[in-house]
Amino acid sequence: MGRCSKGALPRSAAASLATLLLACQAGGPPEPRGPAPIDPGATAETRALFANLRRLTGKGVLFGHQDDLAYGVQWSNQPGRSDVKETAGSYPAVYGWDVGGLEADAGANLDAVAFERQRGWIVEGFRRGGVITLSWHMRNPVTGGNAWDTIRAVPAMLPGGVQHEHYRQWLDRFADYVNSLRAPVLVPMIFRPFHETSGGWFWWGARHATPDEYKQLWRFTVEYLRDRRGMHNLLWAYSTDVFDSKQAYLERYPGDAYVDVLGFDDYQSVRSPATRAVFARRLRDVVELAEARGKIAALTETGVEGVPDSLWWTGTLLAGIESDSVARRIAWVLVWRNATFEREHRYHFFAPYPGQASAADFVRFAKDPLVLLENELPDLYHLERP
Ligand code: BMA
């Protein structure tokens, strides 16, 4: 409770009440109100990140890339390298990383990114002022299979379920890892577990967990990590896959008390300008839903594999975002990883690299006043003095 709340009232005098009310109206320090992270104990840097991302709404859309510092189409594990930087002159503003494999105590994630190295890259990106977001392609705790093993698992993970203790151990491993990410303050993370939940391909997705089971799993996870493990450097991002209505988007939404960021992954309506209206409508829906709740909206994953359209960045992605005055208030867009060809023997990349067909257009995209790469970011980790 703060100075202007009921609890601060002197018990006796009615006159004091009037005086206090007047003082409050006259600018006595009001209780900080308005949008804030769901964690009242969030670290100063985490609160600043939340506030600054909201403040940037409509002025800048941050560009992000998954695994940007770990590898590119033609290289891997080379300090300082980044396909985005080598194409456009700056690192991305948002770094996506995945912790899938951490639960099994594996030394590397499911895409062979060693956690020891990932830790270094996360700290490096944060030190430069970038934003870190974590996804988790978590194994199926019932079968030990991967995230795409859709044997039902969620009920067993809930309190009272046979896998519940097992799941807590996984969360403990996650907490230990994230607590080791310091520079020297704890690095704020936008944590996006159980993503693409409207799709049917992950064990936590539609058809494999009811909306209620999903929400219970989400809420337990927030409460365990925040309240039991005392993690205060997380912003929680809920994300669906593509969706057709606000109602559909909210079907598995865990609630305003459990979510900081409303996101969605779209690999469909971003494919070409032909579906621009659908893409813009999805962005608009998520922005409206987020703003009505005092949250942040994001296009948490997107891209076209191999970016074969040489004008995709400005002609489809940016044109779609800028086609609508609400859609353009999205906080960030993140494209998926640039798999190393030599390792994976496929052209599985979503950002360009020098010489790639869309590289010149990506430079134009990066120069657009609305698009922010890392070198254009304001300090996101401090709050501006009022
Ligand atoms: C998918 C693909 C997979 C990868 C997974 C997790 O979309 O890129 O190759 O293992 O994401 O990063």
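**Figure 1. Close-up of H345, a residue with positive phi.** H345 counts as exposed because its relative accessibility is 60%, where buried means under 20% relative accessible area, exposed over 50% and partly exposed in between, with a 1.4 Å probe and protein chains only. The residue lies in the loop between α11 (341-344) and α12 (359-367), helices here being DSSP runs of H or I with at least four residues and strands being runs of E with at least two, numbered from the N terminus. Although H345 is not a glycine, its phi is positive, at about 55°. The model is a predicted one, in which local features need pLDDT of at least 70 and side-chain atom pairs count only at pLDDT 80 or more, whereas totals for chains, interfaces and linings use all residues. Residues are numbered from 1 along each chain as its sequence is written, and side-chain values use heavy atoms, with hydrogens and water left out.

**Figure 2. Close-up of D67, in the loop between β1 (61-66) and β2 (71-72).** D67 is not a glycine, yet its phi is positive, at about 55°. With a relative accessibility of 0%, D67 counts as buried.

**Figure 3. Close-up of the cis peptide bond between A183 and P184.** The omega angle of the bond that joins these two residues is about -15°. P184 is found in the loop that runs between α6 (164-179) and β6 (189-192).

**Figure 4. Close-up of T302 and the residues that it touches.** T302 has its place in strand β9, which comprises residues 296-302, and it counts as buried, with a relative accessibility of 0%. A polar atom of the T302 side chain lies 2.7 Å from the backbone oxygen of D266. Leaving aside residues up to four places away in sequence, T302 touches D266, Y267, V270, L317, L334, V335, W336 and F350, a contact being heavy atoms within 4.5 Å.

**Figure 5. Close-up of E291 in helix α9.** Helix α9 spans residues 276-292, and E291 within it is partly exposed, with a relative accessible area of 36%. When residues up to four places away in sequence are not counted, E291 touches T57 and R329. From C-alpha to C-alpha, E291 and G199 are 24 Å apart in space, and in sequence they are 92 residues apart.

**Figure 6. Close-up of E384, in the segment after β11 (371-372).** E384 is exposed, its relative accessible area being 59%. Although E384 and N52 are 332 residues apart in sequence, their C-alpha atoms are 8.7 Å apart in space.

**Figure 7. The protein chain as the setting for the close-up views.** The chain contains twelve helices and eleven strands, and 56% of its 386 residues count as buried. Its radius of gyration, taken over C-alpha atoms, is 22 Å, which agrees with the value near 21 Å that a compact globule of 386 residues would have; the globule rule is 2.2 Å times the number of residues to the power 0.38. Along the principal axes, the C-alpha atoms fill a box of roughly 80 × 50 × 40 Å. Among the contacts with a separation of 6 or more, 74% are accounted for by residues 24 or more positions apart.

Terms used. A polar contact is a pair of N or O atoms within 3.5 Å; within protein, one must be able to donate a hydrogen and the other to accept it, and residues adjacent in sequence count only if both atoms are side-chain atoms.
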